[in-house]
Amino acid sequence: MDLPVDRGKGLAALHVHESLPAVAAPGGHYLPFQLGPGNLCEQPLQCCPCSEPGLCYLSGYISRYPDGKTICGTHVDNTIRALLPDDFEGVLDADAGSEAARTCALGHLAILKDCCGGLSNVKRFIKVTCFVNVLPTPVMCAIVAESANRNVASAPWFSESPKVANGYTDLITQVLGGAGAHARSAVCASGLPFGAAVEVEAIVELMDASLVAARD
């Protein structure tokens with residue numbers, strides 16, 4: 001029998017200026033979430049009478065402002081940032097990236113709350129993958145080639161993806177407590193949908209898969 005886990009502070013953990021957004025429509029031909037292996041009931045979801053646990057795969061959620069617009073930008077380390085022209089736009093440091101990742105957590109919590117039986121139906125987070133947008137390789141190579149500083153060639157282009165991902169992890173664990181603790185990967189990617197600064201996907205175990213809202 002599983003030991004009970006603390007549930008954290010719930011939505012009281014959100015900052016004063018934060019709230020869960022409306023569940024965003026998918027930006028392509030996909031579902032915002034899907035039940036997968038781990039859902040022990042084989043009956044159609046719409047008529048499932050059982051109370052079985054299940055795994056919920058949350059699609060990648062991109063960083064968004066409260067009005068729904070995409071938080072865009074690329075991350076670079078300070079060594080590289082110092083070489084960029086003053087008018088080079090959209091460059092983020094790890095702190096700004098962490099705040100962007102936090103909005104991805106808000107988006108996933110909104111889906112779990114509104115579509116998956118509520119936050120109390122979350123048994124535990126299993127795995128999180130955070131994709132951090134960085135400057136494309138051709139841009140970085142051009143910067144290195146033009147630099148008189150030979151140390152730049154061996155400098156990391158962006159080494160703080162874990163710090164960016166912490167923005168997501170910290171909010172999830174503040175809201176859900178021990179149930180929000182998860183395994184995680186933080187990966188740099190030279191390009192994300194709509195130029196987003198961060199995209200996060202997650203696998204969550206639900207207590208009762210029958211509470212998931214039926215989807216057309």
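These notebook entries record what I looked up in a predicted model of one protein.

**Overall layout**

I began with the secondary structure and noted four helices and seven strands. Read from the N terminus, the order of the elements is β-β-β-α-β-α-β-α-α-β-β. I then looked up burial: of the 216 residues in the protein, 42% are buried. I also looked up how contacts are spread along the sequence. Among contacts between residues at least 6 apart, 81% join residues at least 24 apart.

**The nonpolar cores**

I next turned to the nonpolar cores. The largest nonpolar core holds 44 residues, and L112, F125, Y168, L176 and V198 have the most contacts inside it. At least two residues of this core come from each of β1 (33-36), β2 (54-62), α2 (94-115), β5 (122-133), α4 (161-176) and β7. The element that gives the most is α2, with 10 residues. A second, separate core has five residues, among them V76, I80, L84 and L135. I set beside this a general remark: in soluble globular proteins, nonpolar side chains tend to be buried together.

**Helix α2**

I examined α2 in its own right. This helix has 22 residues and spans 31 Å from its first C-alpha to its last, close to the 32 Å expected at 1.5 Å a residue. I noted that 17 of its 22 residues are buried, so α2 is largely enclosed by the rest of the structure. At the N-terminal end of α2, D93 acts as a cap, with a side-chain oxygen 3.3 Å from the backbone nitrogen of D95. Just after the helix, G117 takes a positive phi of about 90°.

**V198 and E199**

I listed the neighbours of V198, leaving out residues up to four places away in sequence. V198 touches Y61, I62, S63, H75, G97, A100, A101, C104, C130, F131, V164 and L192. I then looked up E199, which is found in strand β7. With the same kind of residues left out, E199 touches G60, Y61, I62, C104, T129, C130, F131, L192 and P193. Which side chain of opposite charge is nearest to E199? I found R64, 8.6 Å away; E199 is buried and has no salt bridge.

**D208**

I followed the chain to D208, in the segment after β7 (198-206). D208 is buried yet also lacks a salt bridge, and K123, the nearest side chain of opposite charge, is 12 Å away. I did find a polar contact from the side chain of D208 to the side chain of S210, at 2.6 Å.

**Two loop residues**

I closed with two loops. F194 is found in the loop between β6 (183-189) and β7. Its phi is positive, at about 60°, although F194 is not a glycine. Is F194 buried or exposed? The relative accessible area of F194 is 59%, so the residue is exposed, the cut-off being over 50%.

V134 lies in the loop between β5 and α3 (137-146). The relative accessible area of V134 is 13%, so this residue is buried, the cut-off being under 20%. Leaving aside neighbours within four places in sequence, I recorded contacts of V134 with T74, H75, F158, C188, A189, S190 and G191. I also checked V134 against W157: the two are 23 residues apart along the chain, and their C-alpha atoms are separated by 8.0 Å.

Technical notes: Residues are numbered from 1 along each chain as its sequence is written. This is a predicted model: local features need pLDDT of at least 70, side-chain atom pairs count only at pLDDT 80 or more; totals for chains, interfaces and linings use all residues. Side-chain values use heavy atoms; hydrogens and water are left out. Buried means under 20% relative accessible area, exposed over 50%, partly exposed in between (1.4 Å probe, protein chains only). Lys and Arg count as positive and Asp and Glu as negative; His and the chain ends are not counted. A salt bridge is a side-chain nitrogen of Lys or Arg within 4 Å of a carboxyl oxygen of Asp or Glu. A polar contact is a pair of N or O atoms within 3.5 Å; within protein, one must be able to donate a hydrogen and the other to accept it, and residues adjacent in sequence count only if both atoms are side-chain atoms. A nonpolar core is a set of buried Ala, Val, Leu, Ile, Met, Phe, Trp, Tyr and Cys residues joined through side-chain atoms within 4.5 Å. Contact means heavy atoms within 4.5 Å. The expected span of a helix is 1.5 Å times one less than its number of residues.
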